[in-house]
Amino acid sequence: MPAKCAAPRATAHLSQEYRTPAWEQRKLGELCSFSKGCGYSKNDLRDQGTPIILYGRLYTNYETQIHSVDTFVKPLENSVYSEGGEVIIPASGETAEDISIASVVEKPGIILGGDLNVITSSADIDPVFLALELSYGKPHFDLAKRAQGKSVVHIHNEDIANVFFGHPNIAEQRRIGAFFDRLDSLITLHQRKYCGVVSWMLGVALVRLSSEK
């Protein structure tokens with residue numbers, strides 16, 4: 001009879017470097033400060049001026065990290081400007097799931113329009129990781145449950161502050177954020193290639209149709 005295999009050793013005896021670091025759970029109100037954007041609507045947009053982010057951009061042109069802005073206004077008094085690294089969440093929308101999305105405003109000097117909740121994270125929280133968790137992680141679903149309204153739903157800074165947020169150490173947060181940033185870039189690259197192929201195929205089809213007439 002073959003000898004019995006040795007029983008596996010208990011994982012409790014593994015050295016510390018092989019253990020997965022525990023994620024800390026705290027309310028976002030203990031980790032971040034909150035403010036609001038101010039004023040402006042689509043009617044205020046101009047061909048040139050100071051760059052601005054309106055809340056509708058997060059629905060029509062969503063990005064985890066907003067590096068550049070192509071909408072402009074003539075600045076008004078009491079405008080709210082980004083300092084770089086703020087996380088923004090729409091304050092209103094059509095559905096609870098759609099409204100619970102977040103983006104990082106990477107550059108300073110961009111006006112933050114009205115109906116935007118603005119989150120400034122502490123030094124222990126990476127803004128990209130925060131935006132990813134609020135958009136796709138458990139906090140996203142917790143936040144959606146707090147959205148109020150029927151035809152139009154609303155999320156307030158108080159709702160965001162009361163959401164529990166799990167996070168590893170800052171170095172691990174940055175690694176996770178960098179990974180998804182590379183993934184976003186890869187997806188964008190393939191989308192451009194796909195769109196280029198589709199445009200070429202449409203062009204060929206139109207030429208053939210024209211020649212047949």
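Buried here means under 20% relative accessible area, exposed means over 50%, and partly exposed is whatever falls in between (1.4 Å probe, protein chains only). By that yardstick, 35% of the 213 residues of the protein chain count as buried. This is a predicted model, where local features need pLDDT of at least 70 and side-chain atom pairs count only at pLDDT 80 or more, while totals for chains, interfaces and linings use all residues. Residues are numbered from 1 along each chain as its sequence is written, and side-chain values use heavy atoms, with hydrogens and water left out.

**View 1. The whole chain, before zooming in.**
The protein chain comes to six helices and 13 strands. Those are DSSP runs numbered from the N terminus: helices are H or I with at least four residues, strands are E with at least two. A contact means heavy atoms within 4.5 Å. Among contacts in the chain with a separation of 6 or more, 76% come from residues 24 or more positions apart. About 13,800 Å² of the chain is exposed, and carbon and sulfur atoms supply 57% of that; such areas come from the Shrake-Rupley method with a 1.4 Å probe, and for residues only the protein chains shown count as cover.

**View 2. The largest nonpolar core, with leucine 130.**
A nonpolar core is a set of buried Ala, Val, Leu, Ile, Met, Phe, Trp, Tyr and Cys residues joined through side-chain atoms within 4.5 Å. The largest one has 23 residues, and Leu28, Val87, Ile119, Leu130 and Leu134 touch the most other members. Strand 7 and helix 3 are the elements that give two or more residues to this core, and helix 3 gives the most, with six. Take leucine 130: leaving aside neighbours within four places in sequence, leucine 130 is in contact with Leu28, Cys32, Val87, Ile119, Ser121, Ile125 and Phe165. Apart from this core lies another, of eleven residues, including Ile66, Ile101, Val105 and Val118.

**View 3. Histidine 167 and its surroundings.**
Which strand holds histidine 167? Look in strand 13, residues 164-167. Histidine 167 counts as buried because its relative accessible area is 5%. Its side chain reaches the backbone oxygen of phenylalanine 165 at 3.5 Å. That is a polar contact, a pair of N or O atoms within 3.5 Å; within protein, one must be able to donate a hydrogen and the other to accept it, and residues adjacent in sequence count only if both atoms are side-chain atoms. Not counting residues up to four places away in sequence, histidine 167 touches Trp23, Glu24, Leu31, Ile125, Phe129 and Gln173.

**View 4. Helix 4 and what it packs against.**
Helix 4 covers residues 138-146, and its Pro139, His140, Asp142, Leu143 and Ala144 are buried. The buried residues of this helix pack against strand 7 (86-90), helix 2 (96-99), helix 3 (127-136), helix 5 (157-161) and strand 13.

**View 5. Salt bridges.**
Side chains of opposite charge can pair when their charged atoms come close. A salt bridge puts a side-chain nitrogen of Lys or Arg within 4 Å of a carboxyl oxygen of Asp or Glu, and the whole structure has five. One joins arginine 57 and glutamate 63, at 2.5 Å from N to O. Arginine 57 is buried at 12% relative accessible area, whereas glutamate 63 is partly exposed at 28%. Elsewhere, shared partners join Glu24, Arg26 and Glu30 into one network. In that network, arginine 26 meets glutamate 24 at 3.6 Å and glutamate 30 at 3.2 Å.

**View 6. Two loops with a positive phi.**
Most residues other than glycine have a negative phi, and most peptide bonds are trans. Asparagine 78 has a positive phi, near 65°, and lies in the loop between strand 6 (72-73) and strand 7. Asparagine 78 counts as exposed because its relative accessibility is 66%. Aspartate 115 also has a positive phi, near 65°, in the loop between strand 10 (111-112) and strand 11 (116-121). At 28% relative accessible area, aspartate 115 is partly exposed.
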